[in-house]
Amino acid sequence: VAGGEVLVGGQAVRGDIGRFMRRHIGMLPTNRKENSVIPDFSVLDNVVLAEHSISGRRQIVRRAEELARYDKQQRALSIRAESPDDSINSLSGGNQQKVFLARWLNTDAEILLFDNPTQGVDVGAKAEIYRLINEFAEEGKTVIINTLEIPEIRKVSDRCVVFYSGRVVKIFEHADINERDVMLYSTNAVQEAEVHVS
């Protein structure tokens, strides 16, 4: 964190990534191949990885418990994998992305940060990811999405916060989100126009 505070439930959270994870915050980064996939791991291992890192004091890993958690997430997210022991690289991009969603849901994450969550997935997988995001919100989870796709924002967001040069310049409620106005604020075109008028 370069400045400011991160508040969860009104309390500041500071420290390393592990501390954020223990406060039930999960992040789906952009470019899953570089930032999410552990290529030498199975589908199962990729799902349980985050949970292991925040319960590292546990000395025994019970496969039966891991499989039970995996089965729960596979059903909930409709992950299409023949076996939990398959390589993560055997899955399509959309199913890989759902595995990484499962990774965070497996930690009981209540705040989900998604950076371009549908990047590099096909149209069908995009629709499924949008459905899941809306379901998470209906369950009471907080979902914060960073995306450049304005149609995506309209599909899944209650509001759109527009930044320019690191500052919030406009907040649109869902009904007011449109490509033209979001682009005007995100490129500083509105402020430039106001300067010329005055």
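Among contacts in the protein chain between residues at least 6 apart in sequence, 54% join residues at least 24 apart. The model is a predicted one. Its secondary structure comprises nine helices and seven strands, and the C-alpha trace extends over about 70 × 40 × 30 Å along the principal axes. Of the 198 residues in the protein chain, 39% are classed as buried.

The packing of two helices was examined in detail. A pair of packed helices is described by the angle between the two axes and by the distance separating those axes. For helix α3, residues 43-54, and helix α5, residues 93-105, the angle is about 35° and the axes lie 6 Å apart. The crossing of α3 and α5 is right-handed. On the α3 side the contact is made by V43, N46, V47, L49 and A50, and on the α5 side by V99, F100, A102, R103 and W104. Sorted by class, the residues in the contact of α3 with α5 are eight nonpolar, one polar and one charged.

Salt bridges were then considered. The count for the model comes to nine. One of these pairs E51 with R69, and the closest N and O atoms of the two residues are 3.4 Å apart. Because E51 belongs to helix α3 and R69 to helix α4, residues 63-77, this pair ties together parts of the chain separated by 18 residues in sequence. E51 has a relative accessible area of 9% and is therefore buried. Helix α3 thus holds residues that meet α5 as well as E51, whose salt-bridge partner R69 is in α4.

A further salt bridge joins R63 and D85, with 2.9 Å between the closest N and O atoms. Here too the pair links distant parts of the chain, since R63 is in helix α4 whereas D85 is in the loop between α4 and α5, 22 residues apart. R63 has a relative accessible area of 41%, so R63 is classed as partly exposed. D85, at 45% relative accessibility, is likewise counted as partly exposed.

The salt bridge between the side chains of R131 and E135 has an N to O distance of 2.8 Å. Both residues lie in helix α6, residues 123-138, and because they are four residues apart, about one helical turn separates them. R131 is partly exposed, its relative accessible area being 32%, and E135 is also partly exposed, at 28% relative accessibility. In addition, R80, K98 and E128 are joined into one network by salt bridges that share partners.

A charged residue without a salt bridge was also found. E152 is located in helix α7, which covers residues 150-156. E152 is buried but takes part in no salt bridge, and K126, the nearest side chain of opposite charge, is 5.2 Å away. The cut-off for a salt bridge is 4 Å between a side-chain nitrogen of Lys or Arg and a carboxyl oxygen of Asp or Glu, so the separation of 5.2 Å between E152 and K126 does not qualify. With neighbours within four places in sequence left aside, the residues in contact with E152 are P117, T118, Y130 and T147. E152 and E51 are both buried; E51 forms a salt bridge with R69, whereas E152 has none.

Key. Residues are numbered from 1 along each chain as its sequence is written. This is a predicted model: local features need pLDDT of at least 70, side-chain atom pairs count only at pLDDT 80 or more; totals for chains, interfaces and linings use all residues. Side-chain values use heavy atoms; hydrogens and water are left out. Axes are lines fitted to C-alpha atoms, for helices over the stretch in contact, and angles run from 0 to 180 degrees between N-to-C directions. Helices (H or I, at least four residues) and strands (E, at least two) are DSSP runs, numbered from the N terminus. A crossing is left-handed if the near helix is turned anticlockwise from the far one by less than a right angle, and right-handed if clockwise. Contact means heavy atoms within 4.5 Å. Ala, Val, Leu, Ile, Met, Phe, Trp, Tyr, Cys and Pro count as nonpolar, Asp, Glu, Lys and Arg as charged, and the others, Gly among them, as polar. Buried means under 20% relative accessible area, exposed over 50%, partly exposed in between (1.4 Å probe, protein chains only). Lys and Arg count as positive and Asp and Glu as negative; His and the chain ends are not counted.
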